[in-house]
Amino acid sequence: MHSADYVAGGAMTTRRAVLGSLGGFCLAPAAIAQPTSRSARVAAIDWAAAESLLALGIEPMAVANTGLYRQWSIEPVLPPAVADLGMPEEPNLERLLALRPDLILISSWQVAQRQTLARIAPVQIFSVFESNRTPLSNALASMRALAREFGIEEIAAAFESRLVHDFEQRRRRLQTTQRPTVLLAVLLTDGMRITIYGKGSLLGDVLDRLGLENAWTGAMPIFGRITIGIERLLELPDFWLLYMDQGHRTQVALQRLRANSIWRGLPAVAAGRVRPIAAVWPFAGAPTALRFAGIVTDAMSGNGAGHG
(Lines give C-alpha, C1' and ligand atoms only; values in the text may rest on other atoms or scores of the structure.)
Protein backbone atom coordinates (compact mmCIF):
# COMPACT_ATOMS: atom_id res chain seq x y z
CA MET A 1 0.00 0.00 0.00
CA HIS A 2 1.46 3.35 -1.02
CA SER A 3 1.32 6.58 0.96
CA ALA A 4 -0.68 9.47 -0.42
CA ASP A 5 -1.41 13.02 0.61
CA TYR A 6 -4.60 13.17 2.63
CA VAL A 7 -6.76 16.19 3.49
CA ALA A 8 -9.61 15.85 5.96
CA GLY A 9 -12.66 18.05 5.54
CA GLY A 10 -11.93 21.77 5.36
CA ALA A 11 -8.64 23.55 5.90
CA MET A 12 -5.44 21.52 5.83
CA THR A 13 -3.62 21.35 9.15
CA THR A 14 0.03 20.37 9.24
CA ARG A 15 1.07 17.31 11.18
CA ARG A 16 3.43 19.45 13.25
CA ALA A 17 0.61 21.74 14.29
CA VAL A 18 -1.54 18.82 15.33
CA LEU A 19 1.32 17.29 17.30
CA GLY A 20 1.74 20.62 19.01
CA SER A 21 -1.90 20.70 19.98
CA LEU A 22 -1.57 17.22 21.46
CA GLY A 23 1.06 18.55 23.83
CA GLY A 24 -1.64 20.01 26.01
CA PHE A 25 -4.16 17.25 25.42
CA CYS A 26 -4.21 14.65 28.14
CA LEU A 27 -6.71 12.98 30.41
CA ALA A 28 -6.28 11.68 33.92
CA PRO A 29 -6.27 7.86 33.89
CA ALA A 30 -9.61 7.76 35.68
CA ALA A 31 -11.17 9.90 32.94
CA ILE A 32 -10.15 7.63 30.06
CA ALA A 33 -13.16 5.67 28.83
CA GLN A 34 -12.39 1.97 28.71
CA PRO A 35 -14.19 -0.10 26.06
CA THR A 36 -16.59 -2.44 27.81
CA SER A 37 -19.31 -2.93 25.20
CA ARG A 38 -19.85 -3.08 21.45
CA SER A 39 -20.91 0.57 21.53
CA ALA A 40 -17.40 1.68 22.50
CA ARG A 41 -15.65 4.06 20.11
CA VAL A 42 -12.70 2.29 18.48
CA ALA A 43 -10.36 3.54 15.76
CA ALA A 44 -8.44 0.92 13.76
CA ILE A 45 -5.32 2.07 11.98
CA ASP A 46 -4.44 -1.57 11.27
CA TRP A 47 -6.65 -3.36 8.73
CA ALA A 48 -6.33 -6.77 10.39
CA ALA A 49 -7.76 -5.19 13.53
CA ALA A 50 -10.52 -3.46 11.55
CA GLU A 51 -11.80 -6.64 9.91
CA SER A 52 -11.54 -8.51 13.21
CA LEU A 53 -13.68 -5.88 14.92
CA LEU A 54 -16.30 -6.29 12.21
CA ALA A 55 -16.21 -10.06 12.55
CA LEU A 56 -16.89 -9.60 16.26
CA GLY A 57 -19.90 -7.45 15.47
CA ILE A 58 -18.19 -4.19 16.46
CA GLU A 59 -18.35 -1.28 14.03
CA PRO A 60 -15.16 0.78 14.21
CA MET A 61 -15.71 4.52 14.26
CA ALA A 62 -12.69 5.11 12.02
CA VAL A 63 -10.31 3.07 9.83
CA ALA A 64 -7.17 3.99 7.91
CA ASN A 65 -7.70 4.55 4.17
CA THR A 66 -11.28 3.28 3.98
CA GLY A 67 -11.40 3.51 0.18
CA LEU A 68 -8.47 1.16 -0.34
CA TYR A 69 -9.62 -1.03 2.54
CA ARG A 70 -12.94 -1.65 0.77
CA GLN A 71 -11.09 -2.68 -2.40
CA TRP A 72 -9.01 -5.29 -0.59
CA SER A 73 -11.27 -6.44 2.26
CA ILE A 74 -14.77 -6.98 0.93
CA GLU A 75 -15.85 -9.25 3.79
CA PRO A 76 -16.93 -8.32 6.42
CA VAL A 77 -18.38 -5.20 4.80
CA LEU A 78 -17.12 -1.88 6.17
CA PRO A 79 -20.17 0.37 6.84
CA PRO A 80 -20.24 3.63 4.86
CA ALA A 81 -20.40 5.78 8.00
CA VAL A 82 -16.91 4.74 9.16
CA ALA A 83 -14.56 7.75 9.13
CA ASP A 84 -11.40 7.72 7.00
CA LEU A 85 -8.11 8.28 8.88
CA GLY A 86 -5.88 8.54 5.82
CA MET A 87 -2.81 6.41 5.24
CA PRO A 88 -1.89 3.88 7.95
CA GLU A 89 1.76 4.98 7.79
CA GLU A 90 0.73 8.52 8.75
CA PRO A 91 -2.86 8.70 10.03
CA ASN A 92 -4.72 12.00 10.13
CA LEU A 93 -4.15 13.10 13.72
CA GLU A 94 -6.44 16.10 13.45
CA ARG A 95 -9.40 13.92 12.52
CA LEU A 96 -8.50 11.30 15.11
CA LEU A 97 -8.30 13.96 17.81
CA ALA A 98 -11.70 15.36 16.81
CA LEU A 99 -13.30 11.89 16.91
CA ARG A 100 -12.06 11.27 20.49
CA PRO A 101 -12.00 7.45 20.35
CA ASP A 102 -11.93 5.28 23.47
CA LEU A 103 -9.36 2.92 21.97
CA ILE A 104 -6.90 2.94 19.05
CA LEU A 105 -5.76 -0.31 17.44
CA ILE A 106 -2.43 -0.50 15.62
CA SER A 107 -0.22 -3.24 14.18
CA SER A 108 3.20 -4.22 15.51
CA TRP A 109 4.83 -2.50 12.53
CA GLN A 110 3.16 0.77 13.57
CA VAL A 111 4.64 0.87 17.09
CA ALA A 112 6.61 4.02 16.26
CA GLN A 113 3.26 5.86 16.30
CA ARG A 114 2.22 4.51 19.68
CA GLN A 115 3.54 7.32 21.86
CA THR A 116 1.86 10.01 19.77
CA LEU A 117 -1.43 8.14 19.46
CA ALA A 118 -1.49 7.39 23.20
CA ARG A 119 -1.92 11.13 23.82
CA ILE A 120 -5.31 10.83 22.12
CA ALA A 121 -6.55 7.50 23.53
CA PRO A 122 -5.29 4.17 24.92
CA VAL A 123 -3.46 2.18 22.25
CA GLN A 124 -3.56 -1.60 21.79
CA ILE A 125 -1.33 -3.57 19.42
CA PHE A 126 -3.07 -6.13 17.21
CA SER A 127 -0.26 -8.56 16.40
CA VAL A 128 -0.32 -10.96 13.46
CA PHE A 129 3.25 -11.25 12.21
CA GLU A 130 5.23 -12.33 15.25
CA SER A 131 7.81 -15.10 15.27
CA ASN A 132 6.38 -17.00 18.22
CA ARG A 133 3.43 -18.48 16.28
CA THR A 134 2.06 -18.68 12.75
CA PRO A 135 0.25 -15.58 11.43
CA LEU A 136 -3.22 -17.12 11.66
CA SER A 137 -2.59 -18.35 15.21
CA ASN A 138 -1.44 -14.86 16.15
CA ALA A 139 -4.45 -13.27 14.45
CA LEU A 140 -6.86 -15.52 16.33
CA ALA A 141 -5.08 -14.84 19.63
CA SER A 142 -5.27 -11.09 19.02
CA MET A 143 -8.94 -11.45 18.16
CA ARG A 144 -9.60 -13.31 21.41
CA ALA A 145 -7.76 -10.61 23.36
CA LEU A 146 -9.86 -7.94 21.67
CA ALA A 147 -13.04 -9.83 22.49
CA ARG A 148 -12.03 -9.95 26.15
CA GLU A 149 -11.74 -6.16 26.15
CA PHE A 150 -15.41 -5.98 25.20
CA GLY A 151 -16.64 -8.92 27.23
CA ILE A 152 -17.72 -10.86 24.14
CA GLU A 153 -15.45 -13.88 24.31
CA GLU A 154 -18.28 -16.14 23.15
CA ILE A 155 -18.46 -14.32 19.79
CA ALA A 156 -14.73 -14.81 19.20
CA ALA A 157 -15.07 -18.48 20.19
CA ALA A 158 -17.96 -18.94 17.74
CA PHE A 159 -15.94 -17.33 14.94
CA GLU A 160 -12.94 -19.53 15.66
CA SER A 161 -15.12 -22.66 15.74
CA ARG A 162 -16.56 -21.71 12.35
CA LEU A 163 -13.07 -21.11 10.97
CA VAL A 164 -11.77 -24.48 12.20
CA HIS A 165 -14.85 -26.25 10.79
CA ASP A 166 -14.60 -24.51 7.41
CA PHE A 167 -10.89 -25.28 7.09
CA GLU A 168 -11.51 -28.94 7.92
CA GLN A 169 -14.30 -29.17 5.34
CA ARG A 170 -12.14 -27.58 2.66
CA ARG A 171 -9.18 -29.77 3.57
CA ARG A 172 -11.33 -32.87 3.10
CA ARG A 173 -12.60 -31.53 -0.22
CA LEU A 174 -9.05 -31.03 -1.46
CA GLN A 175 -8.03 -34.53 -0.36
CA THR A 176 -10.28 -35.91 -3.11
CA THR A 177 -8.13 -34.23 -5.78
CA GLN A 178 -4.63 -35.11 -6.93
CA ARG A 179 -2.65 -31.89 -7.05
CA PRO A 180 1.09 -31.08 -7.04
CA THR A 181 2.54 -28.31 -4.91
CA VAL A 182 1.16 -24.77 -5.06
CA LEU A 183 2.87 -21.43 -5.60
CA LEU A 184 1.03 -18.27 -4.50
CA ALA A 185 2.10 -15.18 -6.40
CA VAL A 186 1.54 -11.63 -7.57
CA LEU A 187 2.73 -10.97 -11.13
CA LEU A 188 4.79 -7.79 -11.48
CA THR A 189 4.31 -5.47 -14.42
CA ASP A 190 7.90 -5.71 -15.67
CA GLY A 191 7.15 -9.24 -16.90
CA MET A 192 10.40 -10.48 -15.35
CA ARG A 193 9.64 -10.90 -11.64
CA ILE A 194 6.95 -12.21 -9.33
CA THR A 195 6.26 -11.81 -5.63
CA ILE A 196 5.59 -15.10 -3.87
CA TYR A 197 4.21 -15.97 -0.43
CA GLY A 198 5.74 -18.72 1.67
CA LYS A 199 6.45 -19.67 5.26
CA GLY A 200 5.68 -16.84 7.67
CA SER A 201 2.96 -15.30 5.49
CA LEU A 202 -0.74 -15.39 6.28
CA LEU A 203 -1.45 -16.80 2.81
CA GLY A 204 1.18 -19.51 3.20
CA ASP A 205 -0.35 -20.37 6.57
CA VAL A 206 -3.69 -20.90 4.84
CA LEU A 207 -2.07 -23.35 2.40
CA ASP A 208 -0.60 -25.31 5.31
CA ARG A 209 -3.94 -25.56 7.07
CA LEU A 210 -5.60 -26.75 3.88
CA GLY A 211 -3.07 -29.56 3.59
CA LEU A 212 -1.46 -28.10 0.46
CA GLU A 213 2.30 -28.01 0.01
CA ASN A 214 3.88 -24.66 -0.78
CA ALA A 215 6.25 -24.95 -3.74
CA TRP A 216 8.53 -22.29 -2.26
CA THR A 217 10.47 -23.66 0.71
CA GLY A 218 13.35 -21.19 0.72
CA ALA A 219 14.14 -18.67 3.42
CA MET A 220 11.70 -15.78 3.69
CA PRO A 221 12.04 -12.28 5.14
CA ILE A 222 9.49 -10.74 7.50
CA PHE A 223 5.85 -11.12 6.43
CA GLY A 224 6.77 -14.28 4.49
CA ARG A 225 6.97 -12.78 1.01
CA ILE A 226 9.81 -12.38 -1.44
CA THR A 227 10.22 -11.04 -4.98
CA ILE A 228 12.23 -13.20 -7.38
CA GLY A 229 13.06 -13.36 -11.08
CA ILE A 230 10.90 -15.83 -12.99
CA GLU A 231 14.01 -17.82 -13.92
CA ARG A 232 14.08 -18.99 -10.26
CA LEU A 233 10.85 -20.88 -10.93
CA LEU A 234 12.84 -23.33 -13.06
CA GLU A 235 14.48 -24.55 -9.83
CA LEU A 236 11.16 -25.60 -8.27
CA PRO A 237 9.41 -28.96 -8.51
CA ASP A 238 6.21 -29.31 -10.50
CA PHE A 239 3.60 -26.89 -9.18
CA TRP A 240 0.32 -25.11 -9.74
CA LEU A 241 0.68 -21.32 -9.92
CA LEU A 242 -2.14 -19.30 -8.37
CA TYR A 243 -1.68 -15.59 -8.99
CA MET A 244 -3.78 -12.85 -7.44
CA ASP A 245 -5.64 -10.92 -10.11
CA GLN A 246 -5.09 -7.19 -9.57
CA GLY A 247 -6.89 -6.05 -12.68
CA HIS A 248 -5.02 -3.86 -15.15
CA ARG A 249 -1.64 -4.37 -13.47
CA THR A 250 -2.01 -8.13 -13.82
CA GLN A 251 -3.08 -7.87 -17.46
CA VAL A 252 0.02 -5.80 -18.23
CA ALA A 253 2.17 -8.39 -16.45
CA LEU A 254 0.59 -11.28 -18.36
CA GLN A 255 1.06 -9.54 -21.70
CA ARG A 256 4.78 -9.12 -21.02
CA LEU A 257 5.21 -12.57 -19.55
CA ARG A 258 3.74 -14.19 -22.66
CA ALA A 259 6.58 -12.60 -24.63
CA ASN A 260 9.12 -14.08 -22.20
CA SER A 261 10.58 -17.41 -23.34
CA ILE A 262 11.42 -18.46 -19.78
CA TRP A 263 7.79 -18.00 -18.73
CA ARG A 264 6.49 -19.87 -21.77
CA GLY A 265 8.89 -22.71 -21.03
CA LEU A 266 7.68 -23.29 -17.47
CA PRO A 267 5.95 -26.71 -17.20
CA ALA A 268 3.10 -25.13 -15.22
CA VAL A 269 2.46 -22.62 -18.02
CA ALA A 270 2.77 -25.15 -20.83
CA ALA A 271 0.36 -27.53 -19.07
CA GLY A 272 -2.19 -24.83 -18.19
CA ARG A 273 -1.57 -25.10 -14.45
CA VAL A 274 -1.72 -21.33 -13.99
CA ARG A 275 -4.88 -19.85 -12.52
CA PRO A 276 -6.02 -16.38 -11.47
CA ILE A 277 -7.58 -16.00 -8.04
CA ALA A 278 -9.24 -13.08 -6.30
CA ALA A 279 -6.77 -10.71 -4.70
CA VAL A 280 -6.79 -10.33 -0.91
CA TRP A 281 -4.83 -8.12 1.47
CA PRO A 282 -1.90 -10.39 2.43
CA PHE A 283 -1.25 -8.64 5.77
CA ALA A 284 -4.77 -9.06 7.11
CA GLY A 285 -6.26 -11.21 9.86
CA ALA A 286 -8.44 -14.25 10.45
CA PRO A 287 -11.49 -13.09 8.42
CA THR A 288 -9.32 -12.71 5.31
CA ALA A 289 -7.67 -16.09 5.99
CA LEU A 290 -11.11 -17.69 6.09
CA ARG A 291 -12.10 -16.04 2.81
CA PHE A 292 -8.81 -16.92 1.16
CA ALA A 293 -9.24 -20.57 2.11
CA GLY A 294 -12.42 -20.61 0.04
CA ILE A 295 -10.71 -18.89 -2.88
CA VAL A 296 -7.84 -21.41 -2.95
CA THR A 297 -10.14 -24.41 -2.52
CA ASP A 298 -12.31 -23.33 -5.45
CA ALA A 299 -9.26 -22.75 -7.64
CA MET A 300 -7.67 -26.08 -6.80
CA SER A 301 -10.98 -27.94 -7.20
CA GLY A 302 -11.31 -26.88 -10.81
CA ASN A 303 -13.71 -23.95 -10.38
CA GLY A 304 -11.92 -21.60 -12.74
CA ALA A 305 -10.04 -21.61 -16.02
CA GLY A 306 -6.30 -21.81 -15.97
CA HIS A 307 -4.36 -19.59 -18.33
CA GLY A 308 -0.89 -18.21 -18.77
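This report describes the two sheets, the helices packed on them and the nonpolar cores of the structure shown above.

The model is predicted, so local features need pLDDT of at least 70 and side-chain atom pairs count only at pLDDT 80 or more, while totals for chains, interfaces and linings use all residues. Residues are numbered from 1 along each chain as its sequence is written, and side-chain values use heavy atoms, with hydrogens and water left out.

## The two sheets

Helices (H or I, at least four residues) and strands (E, at least two) are DSSP runs numbered from the N terminus, and two strands pair if DSSP finds at least two bridges between them. Each of the two sheets is open and has five strands, as the table sets out.

| Strand order | Pairing | Edge strands |
|---|---|---|
| β3-β2-β1-β4-β5 | parallel | β3 (83-84) and β5 (123-125) |
| β8-β7-β6-β9-β10 | mixed | β8 (225-229) and β10 (274-278) |

In the parallel sheet, strand β1 (residues 42-44) is joined to strand β4 (residues 103-106) by three bridges, and A43 stands opposite I104 in β4. In the mixed sheet, strand β7 (residues 193-197) and β8 pair in the antiparallel sense over five bridges, with I196 standing opposite I226 in β8.

## Helices on the sheets

Axes are lines fitted to C-alpha atoms, for helices over the stretch in contact, and angles run from 0 to 180 degrees between N-to-C directions. Helix α2 (residues 47-55) lies across β1, β2 (62-63) and β4, and runs at about 135° to β1. Helix α8 (residues 202-209) lies across β6, β7 and β9, and runs at about 160° to β6.

Helix α9 (residues 248-257) has T250, V252, A253, L254 and L257 as its buried residues, where buried means under 20% relative accessible area, exposed over 50% and partly exposed in between (1.4 Å probe, protein chains only). These buried residues of α9 pack against β6 (181-187), β9 (239-245) and α10 (261-265), with contact meaning heavy atoms within 4.5 Å.

## The contact of α2 with α12

Helices α2 and α12 pack at an angle of about 80°, with their axes 7 Å apart. They are therefore roughly perpendicular to each other, since angles of 65 to 115 degrees count as such, whereas those under 35 count as roughly parallel, those over 145 as roughly antiparallel and the rest as oblique. The contact is made by E51, S52 and A55 of α2 together with A286, P287 and T288 of α12.

## Nonpolar cores

A nonpolar core is a set of buried Ala, Val, Leu, Ile, Met, Phe, Trp, Tyr and Cys residues joined through side-chain atoms within 4.5 Å. Of the 78 residues in the largest such core, I104 and F292 touch the most other members, and helix α12 (residues 286-300) gives the most to this core, with nine residues. Not counting residues up to four places away in sequence, F292 touches L184, L203, V206, I277 and V280. Apart from the largest core lies another, of 23 residues, among them M220, I228, Y243 and V274.

Of these members, V274 lies in strand β10 and counts as buried because its relative accessibility is 0%. V274 and V182 are 92 residues apart in sequence, and their C-alpha atoms are 10.0 Å apart in space.
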